[in-house]
Amino acid sequence: MKGKFQKPRGTQDILPLEQKYWFWIEDNFRAVMTAAGFGRIIFPTFEDTALFSRSVGEETDIVAKEMYTFADRGKNSLTLRPEGTAGVARAYIENGMHKEPQPVKLYYFGPMFRYDRPQAGRYREFYQGGAELFGEEDPIVDAQMIAVMIKFYKKLGLKNLVVQINSIGDAKGRPKLEKALVDFLSAHRRQLSAESKRRLAKNPLRVLDSKEKEDQAIADEAGGVLLDNLSKESKTYFTKVLEYLDDMGVKYELNPRLVRGLDYYTHTVFEIIDASTGLALGGGGRYDGLMKILGGPDTPAVGWALGVERTIDCLKKQKVDVPEGPSVDVFVIQLGDEAKKKAIRVIDELDEAGYSVGHALGRDSIKAQLRVADRNQARLAVILGEREVHDKSAIIRDLSDGSQESVADKSLSAAVGRKLKEKKK
RNA sequence: GUGGACGUAGCUCAGCGGUAGAGCUCUCGGUUGUGGUCCGAGCGGUCGUGGGUUCGAAUCCCAUCGUCCACCCCA
């Protein structure tokens, strides 16, 4: 049976068996971010379309061709969020958080939407975990943000991750930087790919991360041009970020060609890359100019986001031992009508005693019930038949070795507790 | 948005013009109230969908939807 419908392209059903990875990530994410002093924020899944086009940048692929934009019944143009930073920044301003003690540190976890052609690790609806820090401009803050991200990945148990880092200077220095870049690239215009030529006019920085073969040599050189033309302050800032990272024991690679796809970045930009696949698990950077663009008070900010599905792929690839989902301590089995009624009470009693209790009240044969117990990896079974109903007792069966004992009803939950304890040793 | 591969049972796949198959899963059974192993039986598919070619199509053709891969881009 296929049914009449299939899920929309690029979306996925995440079934119970898969959930252990999600819990592992969500739990660790929450723990690490909370410990680092970040507060959680939940913000709308859709926003005014203009919020994204302003902050992410009209020329970016995200805005130009990947947004899920629709008009609501009130004729407002809304867009399913393609990323988190714009929404969090908007919330910061709208809720007057600039009047709170700075820095304000926020984290989020939730779905994002981009109309893109699906591929490995790329979906139309996908989850990101992200963090933003507002109101402080100091190299050590940039370094700390990166360190927190690395800490999270470490806690997950992932290895072989590389931090790539670069600086694209501040807004003041940007004109000079772009001019130097344009001059350099124009001089080599004939060797550039068509796409790079287009970017040269619209967004010269993006030429740097071109993957076109013919662009490689020039882009490599252009990375050097970028570094050479950073303003003195920007260079100092960047150097300090790197020094702090050294002090924090965070390993990184300089990648002069790293520029990120969103317009709002300034100064530090970075990505976390899975060294075995070359795929970016997450990335971020500083975006001191964004707040003003959104009509808020001039507020410096740093942030990052990581892709949850990609992180899960990585966990699987590296065979990280992720804790299993909830296991069943004790499985209650009943035979006959009277026993079924008794089972209801026993299940309730064991549940209230704090055990995780399994049962298959809809099945009648003991064979079928034991099979279910086995599949649920239950550790003990409590068997109730007519005999036990009359004797006011129950049989406790150890499902790993098959040993059984009969206990009186009133000492049942105590006996279950004792048995479980024994098995742990 | 471009190029390529592929859509057959819940899952993994075979069949590639002549009445739908395997393995795994699942359900039941292997005598009286005992699972995981083993053995047996059974359930389960209008072969993604819609057209077309043909006496006849899962098999050929077209379209469409979806999946995967590369590019583009990104998380």
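## Charges, domains and backbone features of a predicted model

At 39% relative accessibility, aspartate 61 counts as partly exposed, where buried means under 20% relative accessible area, exposed over 50%, and partly exposed in between (1.4 Å probe, protein chains only). This is a predicted model, in which local features need pLDDT of at least 70 and side-chain atom pairs count only at pLDDT 80 or more, while totals for chains, interfaces and linings use all residues. Residues are numbered from 1 along each chain as its sequence is written, chains are lettered from A and ligands numbered from 1 in the order in which they are written, and side-chain values use heavy atoms, with hydrogens and water left out.

Let's stay with aspartate 61 for a moment. Its salt-bridge partner is lysine 65, with 3.8 Å between the closest N and O atoms; a salt bridge here is a side-chain nitrogen of Lys or Arg within 4 Å of a carboxyl oxygen of Asp or Glu. The two residues are four apart in helix α3 (residues 61–65), so about one helical turn separates them. Helices (H or I, at least four residues) and strands (E, at least two) are DSSP runs, numbered from the N terminus. Lysine 65 counts as exposed, at 55% relative accessibility.

A search of the whole structure finds 15 salt bridges. Here are three of them, with their N to O distances.

| Salt bridge | N to O distance |
|---|---|
| Aspartate 61 – lysine 65 | 3.8 Å |
| Aspartate 116 – arginine 122 | 3.4 Å |
| Lysine 340 – aspartate 364 | 3.3 Å |

In the aspartate 116 pair, arginine 122 is partly exposed, with a relative accessible area of 27%. Lysine 340 and aspartate 364 form a salt bridge as well. Because lysine 340 lies in helix α12 and aspartate 364 in the loop between β13 (357–359) and α13, this pair ties together parts that are 24 residues apart in sequence. Lysine 340 is partly exposed at 25%, whereas aspartate 364 is exposed at 53%. There is also a network of salt bridges, which links Glu405, Arg418, Lys419 and Glu422.

Some charges gather in surface patches, made of residues with over 30% relative accessible area and no salt bridge, with like charges joined within 9 Å. Asp348, Glu349, Asp351 and Glu352 form a negative patch. Of these, aspartate 348 sits in helix α12 (residues 337–352) and is partly exposed at 43%. A positive patch is made up of Arg363, Lys367, Arg371 and Arg375. Arginine 375 belongs to helix α13 (residues 366–375) and is exposed, with 60% relative accessibility.

Now for the overall layout. Chain A is divided into domain 1 (16–173 + 230–317) and domain 2 (330–424), with bounds from an automatic or database domain assignment. Taken over C-alpha atoms, the domain centres are 50 Å apart. Glycine 130, in strand β6 (residues 125–134), is buried at 0% relative accessibility. Its C-alpha atom is 51 Å from that of lysine 410, which is 280 residues away along the chain.

Finally, a few backbone details. Most residues other than glycine have a negative phi, and most peptide bonds are trans. Asparagine 160 has a positive phi of about 65°; this exposed residue (55%) lies in the loop between α5 (139–156) and β7 (161–167). Glutamine 377 also has a positive phi, near 55°, and is found in the loop between α13 and β14 (380–384), where glutamine 377 is exposed at 63%. The peptide bond from glutamine 102 to proline 103 is cis, with omega near 0°, and proline 103 lies in the loop between α4 (85–94) and β5 (104–113).

Notes
Patches are made of residues with over 30% relative accessible area and no salt bridge: like charges are joined within 9 Å, nonpolar side chains (Val, Leu, Ile, Met, Phe, Trp, Tyr) within 5 Å. Accessible areas come from the Shrake-Rupley method with a 1.4 Å probe; for residues, only the protein chains shown count as cover. Lys and Arg count as positive and Asp and Glu as negative; His and the chain ends are not counted. The place of a charge is taken as NZ of Lys, CZ of Arg, CG of Asp or CD of Glu.
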